[in-house]
Amino acid sequence: MKNPASSLNNKSKFLIFGCGFSGSYFANTIRKLGCSALTSSRSEKKDPESFLFDSESEIVPNKKIFDGVTHILSCIPPDKNGNDPVLRKLKNKLKSLSLEWVGYLSTTGVYGNTEGDWVSESDQPNPFQKRSHKRLNCEKEWIKSGLPVQIFRLPGIYGPGRSTFEAIKNKKIRVICKKNQVFSRIHVADITNAIIYLLQNRNSLKFYQVINIADDEPCSQIEVIQYCYDLLGLTMPKPILFEDVREKLSPIAQSFWMENRRVSNSLLCETLGYKLIYKNYKIGLRNCYSKF
Ligand SMILES: NC(=O)c1ccc[n+]([C@@H]2O[C@H](COP(=O)([O-])OP(=O)(O)OC[C@H]3O[C@@H](n4cnc5c(N)ncnc54)[C@H](OP(=O)(O)O)[C@@H]3O)[C@@H](O)[C@H]2O)c1
């Protein structure tokens, strides 16, 4: 990896592929640190400094976009054939640049189902869902690319504008109870801040190519929903047992309940010393509530 631990400075130029929830948060934050950041989107301009990129069309970014780029962050999921959209279209272009660092947002789905046990980066991925096999293939494609890549495995992402509060407000909430089932989560601000922390830390980057970013307290979905209803001062509807509702759930909703694991952040938070802003869902949801 070429000089992976370089600090950020106002000469750092980021291309952020995918200006969705995490990508836009990252872009806005990195700009406040004096770096420049261009973001991709598939259609209308979501960001004043965006360019068009859609791996399913023939639109490719103008050559000028790549001038002076030092850092890349890809926030785009695998395409429908399981390929990585950025690498499929732009691998040679990226390889021709003098990049200091490439980040790829992946998912903890690659670990599969551990029946509630903890998983860490030293565990072999064991994907269960088809989409997680695709994801693991994309991780491998990035590693094989020879670019100075670092992979961040993320559990369920939430933050202001995308949380249980919106689900309650939009009547999309389903209060389902499944015994011993837990989920891990991460607040969008911690994804950005952890990555920036790693980019600023000269010693932490070069030895770790895969890092989980998760909070300290995996817990059941129902605890989270109950906490939101309490903050709203509303009564939570009576929970439905998973076994009673299973057949009525969409395949994607069913798949959500098929995996049970606790994602360890000890590499990030103990070995590498990152301090979470939102250590657990309660602190994170209070932040979402303050902006709801
Ligand atoms: N959401 C979660 O809970 C979660 C959990 C773990 C991991 N992840 C993964 O982490 C990454 C970031 O998640 P997120 O929730 O912040 O993502 P998001 O809001 O869904 O944004 C995804 C971005 O990818 C772009 N995109 C999708 N397909 C594309 C294609 N074929 N060509 C070009 N652009 C394409 C979208 O473009 P448009 O803006 O034009 O639509 C969007 O900007 C994703 O890879 C996601 O799968 C998400």
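This passage describes the ligand site and the aromatic pairs of a predicted model.

The space taken by the ligand is the largest pocket. Around the ligand stand 23 residues. Of these, Ser 22, Arg 42, Lys 46, Arg 135 and Arg 162 come nearest. By class, the shell divides into 10 nonpolar, eight polar and five charged residues.

Oxygen atoms of the ligand take part in polar contacts with both backbone and side-chain atoms. At Arg 162, an N or O atom of the side chain lies 2.8 Å from a ligand oxygen. At Ile 157, the partner is a backbone N or O atom, 2.9 Å from an oxygen of the ligand. At Gly 20, a polar backbone atom is 3.2 Å from a ligand oxygen. Taken alone, the ligand exposes 900 Å². The protein buries 80% of that area.

Three elements give two or more residues each to the shell around the ligand: helix H1 (21–32), strand E5 (101–107) and strand E8 (156–158). Strand E5 gives the most, with three residues. Strand E8 spans residues 156–158, and Ile 157 makes its backbone contact with the ligand at 2.9 Å.

Aromatic pairs were also counted. The structure holds 14 of them. One is formed by Phe 165 and Tyr 289. Their ring centres are 5.4 Å apart, and the planes meet at 35 degrees. The pair is therefore classed as tilted, since stacked pairs have planes under 30 degrees apart and edge-to-face pairs over 60. Phe 165 belongs to helix H4 (residues 164–169) and Tyr 289 to helix H10 (residues 281–290), so the pair ties together parts that are 124 residues apart in sequence.

Technical notes: Residues are numbered from 1 along each chain as its sequence is written. This is a predicted model: local features need pLDDT of at least 70, side-chain atom pairs count only at pLDDT 80 or more; totals for chains, interfaces and linings use all residues. Side-chain values use heavy atoms; hydrogens and water are left out. A residue is near a molecule or strand if one of its heavy atoms lies within 4 Å of it. A polar contact is a pair of N or O atoms within 3.5 Å; within protein, one must be able to donate a hydrogen and the other to accept it, and residues adjacent in sequence count only if both atoms are side-chain atoms. Accessible areas come from the Shrake-Rupley method with a 1.4 Å probe; for residues, only the protein chains shown count as cover. On a 1 Å grid over the protein atoms alone, a cavity is a set of points where a 1.4 Å probe fits but cannot get out, and a pocket is an open set with protein on both sides within 12 Å along at least five of seven lines; lining residues have an atom within 4 Å of a point. A molecule sits in a cavity or pocket if more than half of its atoms lie within 2 Å of its grid points. Helices (H or I, at least four residues) and strands (E, at least two) are DSSP runs, numbered from the N terminus. Ala, Val, Leu, Ile, Met, Phe, Trp, Tyr, Cys and Pro count as nonpolar, Asp, Glu, Lys and Arg as charged, and the others, Gly among them, as polar. Rings of Phe, Tyr and Trp (its six-membered ring) pair if their centres lie within 6.5 Å; planes under 30 degrees apart count as stacked, over 60 as edge-to-face and the rest as tilted.
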